[in-house]
Amino acid sequence: MAARVRALETILTQKGLIDPLAIDAIVETYETKVGPRNGASVVAKAWVDSEYADWLKRDATAAIAYLSYTGRQGEHMQAVFNTPDTHNLVVCTLCSCYPWSVLGLPPVWYKSPPYRSRAVIDPRGVLAEFGLTLPATTNIRVWDSTAELRYLVVPLRPAGTEGFTEDQLAALVTRDSMIGTGLPLATEAV
Amino acid sequence: MSLRELITHSRGVPADGDTPVFAEPWQAEAFAIVVALHDRGLFSWNEWANALSTQLKRPDALADGSDYYHGWLAALESIIATKNIAGKEDIDDLAAAWQRAAHATPHGKPILLENDPDRS
């Protein structure tokens, strides 16, 4: 595999289609700079600032770009807000479309066939695999990502966090809680 | 691996519950090449998602997703062939040359294509 990628890189460089230095820079960015902390700061801001939350609901692409997290693929973002009655879950049944700009690259399970095929058919069963059991009265909405539209789940703000700063709140927001396969950490866990 | 095992595995890794982004360096390079070619406008992200999906939906795809970047690389090769940039044979030949060069290069020296003994 390594030799094949090397061969591709050689051909594309010779044809002037890629620059090896730019390739290194992209790897560096995704390995170290882009990750779920970006999304956590978006969620924390929405928790403390109701105007920002409204904006995020109306036009997530712009509200997220305002915090300087912009997608490379020109994709649109939609923020889906959990409520006491509705829990949101994100999947990409087609391949592995994922909101890279706010969550980094997807975890292994997100790309796996069982998650991609089961999340739509049996969301409750999938959540149970993650150790997340929701009340039978809670609706689960599943959002299927595409190349053009990616979703960010805004979980409910945990109880007992009155007076927390944005940074303290962001520390409670896990990656899985923004995909919908988990909840934010409880305050005593911090 | 079942979904539950994949989840457990991803939680067993320290640092924020995140698995390393790439398992091997070639995966990072293949990933970045696609991002760079898209930045250059060679294809739309929609075209890419379709090419990738075709590979990931092959009947021999592994249930644990561990061959995900193999599919990624196959999708990259297919899109490069579609755009008439390079065919499978060009890539096969050059990959073999890289492999010969690697074997012929003394340990600790940088591997260069010029080190391929069969180079014409």
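**Figure 1. A salt bridge between B:Arg4 and A:Glu129 opens our tour of this predicted model.** The closest N and O atoms of B:Arg4 and A:Glu129 are 3.0 Å apart. Side chains of opposite charge can pair when their charged atoms come close. Across the interface of chain B and chain A, three salt bridges are found. On the chain B side, the elements that give two or more residues to the surface touching chain A are α1 (3-12), α2 (25-39), α3, α4 and α5 (88-104).

**Figure 2. Here is the interface of chain B and chain A as a whole, with 58 residues from chain B and 51 residues from chain A in contact.** Putting the two chains together buries about 4900 Å², and carbon and sulfur atoms give 68% of that area. If you like to look at polar atoms, there are nine residue pairs in polar contact between chain B and chain A, both partners being at pLDDT 80 or more. Which helix supplies the largest share of the side of chain B that touches chain A? That is α2(B), with twelve residues. Sorted by type, this side of chain B holds 35 nonpolar, ten polar and 13 charged residues.

**Figure 3. Now step into the largest cavity, which holds about 140 Å³ of space.** Rolling a probe the size of a water molecule over the atoms shows where empty space is left. With a cut-off of 30 Å³ or more, the count comes to one cavity. Its lining is made of 18 residues; nearest the centre lie A:Ser96 and A:Trp100 from chain A, together with B:Leu52, B:Tyr68 and B:Trp72 from chain B.

**Figure 4. A second look at the largest cavity turns to the helices and residue types of its lining.** In chain B, α3 (45-56) and α4 (68-82) each supply at least two lining residues. Which of the elements gives the largest share? Helix α3(B) does, with four residues. As for residue types, the lining divides into 15 nonpolar, one polar and two charged.

**Figure 5. The last close-up stays within chain A, where A:Glu166 forms a salt bridge with A:Lys45.** The closest N and O atoms of A:Glu166 and A:Lys45 are 3.9 Å apart. A:Glu166 sits in helix α10 (residues 166-170) of chain A and A:Lys45 in helix α3 (residues 36-48) of chain A, so the pair ties together parts that are 121 residues apart in sequence. Over all chains, the count comes to eleven salt bridges.

Definitions and conventions. Residues are numbered from 1 along each chain as its sequence is written. Chains are lettered from A and ligands numbered from 1 in the order in which they are written. This is a predicted model: local features need pLDDT of at least 70, side-chain atom pairs count only at pLDDT 80 or more; totals for chains, interfaces and linings use all residues. Side-chain values use heavy atoms; hydrogens and water are left out. On a 1 Å grid over the protein atoms alone, a cavity is a set of points where a 1.4 Å probe fits but cannot get out, and a pocket is an open set with protein on both sides within 12 Å along at least five of seven lines; lining residues have an atom within 4 Å of a point. Grid points are joined across faces, edges and corners, and a volume is the space filled by probe spheres set on the points. Ala, Val, Leu, Ile, Met, Phe, Trp, Tyr, Cys and Pro count as nonpolar, Asp, Glu, Lys and Arg as charged, and the others, Gly among them, as polar. Contact means heavy atoms within 4.5 Å. Buried area is the accessible area (1.4 Å probe) that two parts lose on being put together, summed over both. A salt bridge is a side-chain nitrogen of Lys or Arg within 4 Å of a carboxyl oxygen of Asp or Glu. A polar contact is a pair of N or O atoms within 3.5 Å; within protein, one must be able to donate a hydrogen and the other to accept it, and residues adjacent in sequence count only if both atoms are side-chain atoms.
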